[in-house]
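Biologist: Please take a close look at one part of this model, the interface between the two chains. Walk me through it in one go.

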Number of protein chains: 2
Amino acid sequence: MLKVVLLGTGNLARHLFDAISKSDRAKIVQVVGRNLNDLAWFSHHTAVSNDFNDVFEADVYLIAVKDDAIVQVSKCLAGKPGIVAHTSGATDMDVLIPENKGVFYPLQSFTKGRELDFKNIPICVEAKKESSLQILKKLACSISSNVQEVDSDQRKKVHLAAVFVSNFTNYLYGLGHEICIEEGLSFDLLKPLILETAEKVQTFAPRDAQTGPARRNDQLSMQNHLSLLKNEKHIALYKLLSDAIKEVYEEKL
Amino acid sequence: MLKVVLLGTGNLARHLFDAISKSDRAKIVQVVGRNLNDLAWFSHHTAVSNDFNDVFEADVYLIAVKDDAIVQVSKCLAGKPGIVAHTSGATDMDVLIPENKGVFYPLQSFTKGRELDFKNIPICVEAKKESSLQILKKLACSISSNVQEVDSDQRKKVHLAAVFVSNFTNYLYGLGHEICIEEGLSFDLLKPLILETAEKVQTFAPRDAQTGPARRNDQLSMQNHLSLLKNEKHIALYKLLSDAIKEVYEEKL
């Protein structure tokens with residue numbers, strides 16, 4: 001049974017806490033954080049502390065705080081016996097102060113109040129020492145069925161890819177929402193299409209699933225669409241994305 | 001029992017055929033198309049013809065051909081007793097030649113070989129005459145539980161919105177795919193995130209679900225991401241989308 005101390009009390013910390021609590025191969029022995037209100041929730045289930053210098057001994061210290069607080073928190077763990085791992089997609093492993101260090105990055109977008117099955121969440125692991133990597137893998141496998149070794153350079157690229165496929169995609173959903181509302185129509189009209197588009201690439205490569213006017217180089221439809229847009233930024237976006245799509249398929253010819 | 005003639009034999013025609021065949025309130029009495037190979041498939045289930053001047057009498061004529069062939073096909077139906085409706089998102093109802101006309105637009109992305117439950121597919125209906133609208137609604141309700149009255153102007157806007165939330169989104173999935181492959185990583189890493197992002201907006205408004213560096217106006221992360229991109233178009237896209245997101249949330253302050 002791996003002993004884990006969780007540092008941080010935010011959204012990701014709660015999701016990690018829930019997932020590890022359900023595992024029979026790991027347990028959270030302590031949660032450490034500054035915010036007493038947030039700690040209160042954890043205190044019903046395990047030991048808590050708001051003093052980063054009062055941290056229990058454990059096999060793994062999981063740092064789930066904001067990116068700019070990671071180094072500071074890791075300093076407090078310098079003399080500890082276990083592996084110190086952060087959970088950030090965008091942060092180098094090497095910024096961690098302790099020698100025995102690693103990364104434990106769950107690749108998902110976590111929303112307060114939204115339950116997620118951790119089994120399906122990919123966890124990217126990395127460690128300085130091979131033996132530590134094995135322990136982080138064991139912990140990851142105890143909560144997820146999709147565990148991958150990803151080094152710091154790769155992880156930054158994956159984090160960038162996540163921005164494209166999730167943050168930017170959600171912004172486009174927002175544009176669709178805006179258009180529906182302006183026309184007095186329900187956003188429900190677009191929901192099945194949004195879901196199907198995401199489901200399709202679970203089995204098809206995105207390049208093979210591409211459809212639409214730009215894919216067909218259908219100039220008339222694209223001009224019609226552009227004439228409906230008023231916002232300069234939306235026009236620029238439509239043009240840039242259409243050009244980018246055309247380019248992909250021109251290359252294929 | 002509504003009698004329907006289906007004109008066209010492509011992807012959408014097949015999906016419509018399957019859906020209407022399962023309905024107990026409508027039936028396809030004939031399929032008309034030019035391509036004999038495609039007609040062969042339908043001929044196992046109903047009457048077929050490759051002559052657009054040899055069309056049966058019916059309550060509804062559904063034109064499911066390419067946009068630029070709609071007018072031509074509708075000409076052949078000018079003397080017919082039923083409602084002539086096209087199924088296109090981007091085409092005005094008024095281009096149809098027959099007087100008794102309408103639109104029957106299923107808002108979904110159809111892929112060959114991919115089964116879809118029509119029950120969840122929104123159908124946008126419109127008609128010149130009120131009595132025809134009621135018949136198109138009856139037909140739509142017999143295969144879908146999401147039927148909405150949408151006029152030609154609204155429909156063009158919805159079609160534009162669909163390009164943003166589906167075609168452009170799929171292009172962004174393609175970028176994510178590209179990044180994973182370049183790094184020697186599996187696209188499987190991004191699949192759960194893609195799905196969760198789409199599922200989230202089934203219940204949350206997209207604006208409330210927005211996360212990421214641009215949402216937080218996290219300059220450092222955005223600069224790090226830009227330094228990882230080499231393709232000029234991808235850089236322009238990252239900047240434009242990030243600026244657009246920042247703008248939305250600055251407005252909110």
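Modeller: In this predicted model, chain B and chain A bury about 8800 Å² between them. Carbon and sulfur atoms account for 67% of that area. Three residues lead on the chain B side: B:K157, B:F164 and B:L189 supply 8% of the area that chain B buries against chain A, more than any other three residues. By contact, 85 residues of chain B meet 85 residues of chain A.

Now the polar side. The rule finds eight salt bridges across the interface of chain B and chain A. One of them joins the side chains of B:R207 and A:E178, at 2.5 Å from N to O. Polar contacts add up to 33 residue pairs across this interface, with both residues at pLDDT 80 or more.

Which elements of chain B carry the contact surface? Strand 8 (147-149), helix 5 (152-182), helix 6 (191-200), helix 7 (206-209), helix 9 (219-228) and helix 10 (232-252) each supply at least two residues to the side that touches chain A. Helix 5 of chain B gives the most, with 26 residues. Sorted by class, the chain B side that touches chain A holds 43 nonpolar, 25 polar and 17 charged residues.

For a second interface, look inside chain A. Its domain assignment gives domain 1 (2-150) and domain 2 (155-252). Their C-alpha centres lie 35 Å apart. The contact takes 13 residues from domain 1 and six residues from domain 2. These two domains of chain A bury about 730 Å² between them, 58% of it on carbon and sulfur atoms. The rule finds two salt bridges across this domain interface.

Methods: Residues numbered from 1 in each chain as written. Chains lettered and ligands numbered in written order. Predicted model: local features only at pLDDT ≥ 70, side-chain atom pairs only at ≥ 80, totals over all residues. Heavy atoms only, no water. Contact = heavy atoms within 4.5 Å. Buried area = accessible area lost by both parts, 1.4 Å probe. Salt bridge = Lys/Arg side-chain N within 4 Å of Asp/Glu carboxyl O. Polar contact = N/O pair within 3.5 Å; in protein donor to acceptor, adjacent residues only side chain to side chain. Helix = DSSP H or I, 4+ residues; strand = E, 2+ residues; numbered from the N terminus. Nonpolar A, V, L, I, M, F, W, Y, C, P; charged D, E, K, R; others polar. Domains from an automatic or database assignment.
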